[in-house]
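Welcome! Here are some exercises to work through with the model open beside you, each followed by a solution in steps.

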Amino acid sequence: MGNVADGTPTKAFFVEMLTRDIDLNDAILDLLDNCLDGVVRQKGKNEKRSDPDYYASYYSHITIRENTFIIEDNCGGIPRDVAEKYAFRMGRSSEKIDDELPTVGIYGIGMKRAIFKIGRSATITTQNDNKQYEVSIPIEWTNSSDDWSFPITDLPSEQSFANGGTVIKVSNINSSIQELWDTEDKLQQFIDDLVKSIQQSYSFIIQRGFEIQINGQKVSQLPINLLVGKSRENDIQPFLYKQTFGDVNMSLAVGFYAPPPSPDELDDSAELKRSSSDAGWTVVCNDRVVLYNDKSHLTGWGEAGVPQYHTQFIGIRGIVIFESNNPKSLPMTTTKRGIDTSSAIYAATKDKMRQGLKMFTDYTNRWKGRNNDERAYSNTAKSVSINDLTASKEKIETDTPTIKFRTSGQGLVFSPKLPKPQSDTLYRRICYNKGTDEIAEVIEFIYKDKEHLVSPSQVGEKCFDLILKDARNQKEGG
């Protein structure tokens, strides 16, 4: 008998635990993260914040079939020593790699987790520095427990990757994944959902030149713009804030991307030319969107004097961008699809998010019921890309003269003086539902004509005005 207990993990158990709690789309996004990190390794950190076309000429093309998944990129490939020592380990080595580069890979599991989420075998063909080789993950790999390595085969360099790149081909697709792809309709539905996820997570990168295709379909960007008025004061402007937390740079912008909706638009959702899915906060870590148009307490809604989200705030949108050469300092979860709410950096940032958010919810309430007057400001403002509003202080002030930052505590702030109505009374929305027959009765009572053309919100406002008039008359009469 021996005098030690075997604590070696089994591969099958390790793979099962690694893949259980990640969504398939998120696993594929991890593979795209690797492509983007490859670009950063090639180009370095210096250009990343200043070059609007940083990712131009780079691409990632995905092919999905019932029995195959392929992702191909031209993002520099995997250096041979990285493949041998780090890239295929189940977890990041304590030895530092990608030091002081603004990547998003942290834990060293993304590629392996994605491969095993999709299938049980794979080949990874890559070329870096004119050296081409192939790494194989055989289907029987999980059946043994003693050898955790993967075979590497050198290939003749045929310059199939002009700038270096990688092709990952996953086969022996897991049965649960095959069921998602085994008919044309189901495959198309999956691709449509994946395209939406990619648009939400990588629009900033696509805007900066990166090309993503799925089965030959090019993924378009979902740009985020905010309204910027012509004058510095008494006009529509965003709230902007910048601060550095150690090795993390933060830029924040919040404002209107569209005019506040009128009561009639709120009454008839079909009249709205936008939806709640366009509003809220987007949070970005090293170009990777980790929250998209969030409208919950995670981003300050319903806290510290900020009202909970309502469709009356449908025109409000904000973005926070965190950048760091040390990805572990970023306030994101391990899946890169959420915020680490325990982060001190995020807690400090959230205070500024609420400060800016309250400015625009108050504005919406002040102008409620006076939308025609408000449009004199919001309709004349121009739509400006969020990239231009989160650039360096010098670039923002040069390109947008209406914006001038001032020092506030440890950061830089631009806090606009938004236009106010002549009577600066705070308004609150009164909203309730009544039957159409009952509304018709009230219309006939007020206007002596049940066919009188008037919207439900106008009926409610008229009723309120009549009662308010009676209340004031009664008060004056003593």
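## Exercise 1: Follow helix 6

Helix 6 has a kink of about 65° with its centre on Ser201. Keep in mind that the model is predicted.

**Task.** Find how the end-to-end span of helix 6 (residues 184-207) compares with that of a straight helix of 24 residues.

**Solution.**
- Step 1. Start with the ideal case: at 1.5 Å a residue, a straight helix of 24 residues would span 34 Å.
- Step 2. Now look at the model, where the end C-alpha atoms of helix 6 are only 30 Å apart.
- Step 3. Return to Ser201 and view the kink of about 65° that is centred there.
- Step 4. Go on to the residue Gly209, just after helix 6, and note its positive phi of about 110°.

## Exercise 2: Lay out the first sheet

**Task.** Work out in which order the 8 strands of the open sheet lie, and which strands form its edges.

**Solution.**
- Step 1. Read across the sheet: the order is 5-4-3-6-2-1-7-8, and the pairing is mixed.
- Step 2. Check the two ends, where strand 5 (152-155) and strand 8 (217-218) each pair on one side only, as edge strands.
- Step 3. Move to strand 6 (residues 165-173), which pairs with strand 2 (residues 68-73) in the antiparallel sense over 5 bridges. Strand 3 (residues 119-128) also runs antiparallel to strand 6, joined by 8 bridges.
- Step 4. Pick out Val170 in strand 6: Phe69 stands opposite Val170, and Ala122 stands opposite Val170 too.
- Step 5. For a parallel pair, take strand 1 (residues 59-65) and strand 7 (residues 211-214), which share 4 bridges. Here Ser60 faces Ile212 of strand 7.

## Exercise 3: Place helix 2

**Task.** Describe what helix 2 (residues 24-43) lies across, then how helix 2 packs with helix 6 and with helix 4.

**Solution.**
- Step 1. Begin with the strands: helix 2 lies across strand 1, strand 2, strand 6 and strand 7, and runs at about 20° to strand 2.
- Step 2. Turn to helix 6, whose axis is 10 Å from that of helix 2, at a packing angle of about 40°. That angle makes helix 2 oblique to helix 6.
- Step 3. Note the handedness: helix 2 and helix 6 make a right-handed crossing.
- Step 4. Look at the residues that meet, including Ile28, Leu32 and Leu36 in helix 2 and Phe190, Ser201 and Tyr202 in helix 6. Ser201, where the kink is centred, is thus one of the residues in this contact.
- Step 5. Next take helix 4 (residues 110-118): its axis and that of helix 2 come within 8 Å and cross at roughly 140°. Helix 2 is therefore oblique to helix 4.
- Step 6. This crossing of helix 2 and helix 4 is left-handed. Among the residues in contact are Leu24, Ala27 and Leu31 of helix 2, and Met111, Ala114 and Ile118 of helix 4.

## Exercise 4: The second sheet and its helices

**Task.** Find the strand order of the open sheet with 7 strands, and say which strands helix 6 and helix 8 touch.

**Solution.**
- Step 1. The order is 13-12-14-11-10-17-16, with mixed pairing.
- Step 2. At the edges are strand 13 (288-294) and strand 16 (406-408), each paired on one side only.
- Step 3. Neighbouring strands of this sheet are turned by 15° against each other on average, direction ignored.
- Step 4. Inside the order, strand 12 (residues 280-285) and strand 14 (residues 316-324) pair in the parallel sense over 6 bridges. Trp281 has Gly318 in strand 14 as its bridge partner.
- Step 5. Helix 6 packs on this sheet, touching strand 12, strand 13 and strand 14, and its direction makes about 120° with that of strand 13.
- Step 6. Helix 8 (residues 344-366) also packs on the sheet, touching strand 10 (239-245), strand 11 (248-256), strand 12 and strand 14. The direction of helix 8 makes about 15° with that of strand 11.

Conventions
Residues are numbered from 1 along each chain as its sequence is written. This is a predicted model: local features need pLDDT of at least 70, side-chain atom pairs count only at pLDDT 80 or more; totals for chains, interfaces and linings use all residues. Side-chain values use heavy atoms; hydrogens and water are left out. The expected span of a helix is 1.5 Å times one less than its number of residues. The bend at a residue is the angle between axes fitted to the seven residues ending there and the seven starting there. Two strands pair if DSSP finds at least two bridges between them. Contact means heavy atoms within 4.5 Å. Axes are lines fitted to C-alpha atoms, for helices over the stretch in contact, and angles run from 0 to 180 degrees between N-to-C directions. Angles under 35 degrees count as roughly parallel, over 145 as roughly antiparallel, 65 to 115 as roughly perpendicular and the rest as oblique. A crossing is left-handed if the near helix is turned anticlockwise from the far one by less than a right angle, and right-handed if clockwise.
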